[in-house]
Amino acid sequence: MKKLKVESLEQSDSVIEFSWTDTGSVCRITREERVLYEGRETVFRDDQLRKGELYIYTIERLNEAGEPVERLKMQTGTEERGSETENQLRQIVLTAIIADGEVTLAWGDIQGINAYEIFRNNELLDAVQESQFTDTSVDMHSEYVYTIHAKRPLERSAEELFSSEKSLVASVFGMLNPNSTEQEASEESFWLTKRLGKLDTLLNMPEKPKGEIQYPIWNFRYKTFLSEEILANPNLTSPNRFFKGDGRGFDPHSKRYRTLVEFTIRLDKEATVDNFKKDVGTSIAYNWRKKFRKAGVGSAEKVGVEQVDEDDQKAVVAITHSVGNPLTASPAIDYDISATFYRNGHFDIVGVHDQAPNHEVYLNRSGQEEWMPLHRAESKGLAYMAGTIANQYWRYSNFE
């Protein structure tokens, strides 16, 4: 008898349709706690769904007594096409399928990319050309974090004219900057991550009774920082020849940073964003002899957190960030975040930022001591803050 597998999956902004192997048996499809289909067909279409939302399906093969003898679970979602964002990762879906002894990942194609690296718990597993991957070396009693990494030359991005002009400038930057390469400066980076709980628990977890919804409280923290103690100003004509750095590595608890944004979101019957804090570290400039010249604090006026959507299942928070150097004319530290928090404990967070300075993003569920690292990006140098240089895009979601 054939093993139960998902054979195809298609999504739009309101429809999810998938097919599975013909096992010759009756199969049952459940979404959350609701049975949607039971029969011998091998294709199911779920429509009138919400745009850009995660859904969990259970597919079971039943015996003659109607008892499940084989099962798989799939977390997928609808697309968010048409959203006004430069971050293409917001418009695709990362699907995780859990079966006995294996995990399958499938994701939407990213325009201009033809190769992906697959990491599991930060270790490289494989490089693939297709936008899917199956891991058959899993321990069903373990948790895993899978990351898909890809790079794309700027000239292959969607906005062709803008991208070509930007790529040309970035290439020139790369040739002139001794600490960079032409390829690095004109190459966008994409990180797509899925965090999975213990596989056997997820696969065998009973569906929640109707109406049983958690009310989680999440703490969010985003910091930018300079890892060096002192670093050179890329503008060689400036009297501020050096700047003081933060002299540290990635650390969710460090008090040294260029900028800090943090907040708490409480997913009660009405979602509430509170404890919002934004802070900017002191900038210190030195002369060519590395002697103190002046200090200042940048403005946090263009840093904000806004709850942009809410329904009975989730709340969506948008974070905007633009902070300039108060001591010299230079590009600002820019990033944008869209964070979706579900009342069942899942989250889906997508962001974009320049490739400088260092960026670190953490999430903590109230009651837990440890901070979960969502994204850590090392700076490639202050010159990479220029708007002509390729950005870094990331997305992190969980299935626990």
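Hi everyone. Let me start with a definition, since I'll lean on it: when I sort residues by class, Ala, Val, Leu, Ile, Met, Phe, Trp, Tyr, Cys and Pro count as nonpolar, Asp, Glu, Lys and Arg as charged, and the others, Gly among them, as polar. With that in hand, the lining of the largest cavity in our protein divides into 5 nonpolar, 5 polar and 4 charged residues. I'll come back to that cavity in a moment.

First, what are we looking at? This is a predicted model. The chain has a mean pLDDT of 88, with 88% of its residues at 70 or more. There is one stretch to treat with care: over residues 159-178 the pLDDT stays under 50, and the model has 30 contacts beyond four places in sequence for that stretch.

Now the overall picture. The chain holds 3 helices and 28 strands. Of its 400 residues, 52% are buried. Among contacts with a separation of 6 or more, 61% are between residues 24 or more positions apart.

Back to the empty spaces inside. How many cavities of 30 Å³ or more does the model have? The count comes to 2. The largest cavity encloses about 100 Å³. It is lined by 14 residues, and the closest to its centre are Leu-54, Val-93, Leu-94, Asp-348 and Arg-395. Strands β14 and β28 each give at least two residues to that lining, and β14 has the largest share, with 3 residues.

The second largest cavity has a volume of about 30 Å³. Which residues line it? They are Leu-89, Ile-110, Tyr-116, Ile-148, Ala-150, Phe-190 and Leu-192. By class that makes 7 nonpolar, with no polar and no charged residues. Here β13 and β14 each supply at least two residues. So keep β14 in mind as we go on, please.

Next, a pocket. The second largest pocket has about 680 Å³ of space. Strands giving two or more residues to its lining are β13 (144-153), β14 (187-196), β27 (372-377) and β28 (392-399). The largest share, 6 residues, is from β27. In total 25 residues line this pocket, and those nearest its centre are Asn-122, Thr-147, Trp-191, His-375 and Arg-376. Sorted by class, the lining has 9 nonpolar, 9 polar and 7 charged residues.

Arg-376 leads me to Pro-252, since the two are in contact. Pro-252 sits in the loop between β17 (242-244) and β18 (259-267). Is this loop residue buried or exposed? Pro-252 is buried, because its relative accessible area is 12% and the cut-off for buried is under 20%. Setting aside residues up to four places away in sequence, Pro-252 touches Arg-221, Lys-223, Tyr-362, Trp-371 and Arg-376. Its C-alpha atom is 7.8 Å from that of Arg-221, a residue 31 places away along the chain.

Thr-23 is another loop residue worth a look, between β2 (16-20) and β3 (27-31). With a relative accessibility of 8%, Thr-23 counts as buried too. Its side chain comes within reach of the backbone nitrogen of Ser-25, at 3.3 Å. Beyond its neighbours within four places in sequence, Thr-23 contacts Met-1, Lys-2, Leu-4 and Arg-61.

Let me finish with some backbone details. Where is the cis peptide bond that I'd like you to find? It joins Ala-356 and Pro-357, with omega at about -10 degrees. Pro-357 is in the loop between β25 (347-353) and β26 (358-365).

Then there are two residues that have a positive phi without being glycine. Glu-32 has phi near 50 degrees, and its place is in the loop between β3 and β4 (34-39). Glu-32 is partly exposed, at 28% relative accessible area. Gln-48 has a phi of about 60 degrees and belongs to the loop between β5 (43-46) and β6 (54-62). Gln-48 is exposed, because its relative accessible area of 77% is on the far side of the cut-off, which is over 50%.

That's my tour. Thanks for listening, and I'm glad to go back to any part of it.

Methods: Residues are numbered from 1 along each chain as its sequence is written. This is a predicted model: local features need pLDDT of at least 70, side-chain atom pairs count only at pLDDT 80 or more; totals for chains, interfaces and linings use all residues. Side-chain values use heavy atoms; hydrogens and water are left out. Helices (H or I, at least four residues) and strands (E, at least two) are DSSP runs, numbered from the N terminus. Buried means under 20% relative accessible area, exposed over 50%, partly exposed in between (1.4 Å probe, protein chains only). A polar contact is a pair of N or O atoms within 3.5 Å; within protein, one must be able to donate a hydrogen and the other to accept it, and residues adjacent in sequence count only if both atoms are side-chain atoms. Contact means heavy atoms within 4.5 Å. On a 1 Å grid over the protein atoms alone, a cavity is a set of points where a 1.4 Å probe fits but cannot get out, and a pocket is an open set with protein on both sides within 12 Å along at least five of seven lines; lining residues have an atom within 4 Å of a point. Grid points are joined across faces, edges and corners, and a volume is the space filled by probe spheres set on the points. pLDDT is the predictor's confidence in each residue, from 0 to 100.
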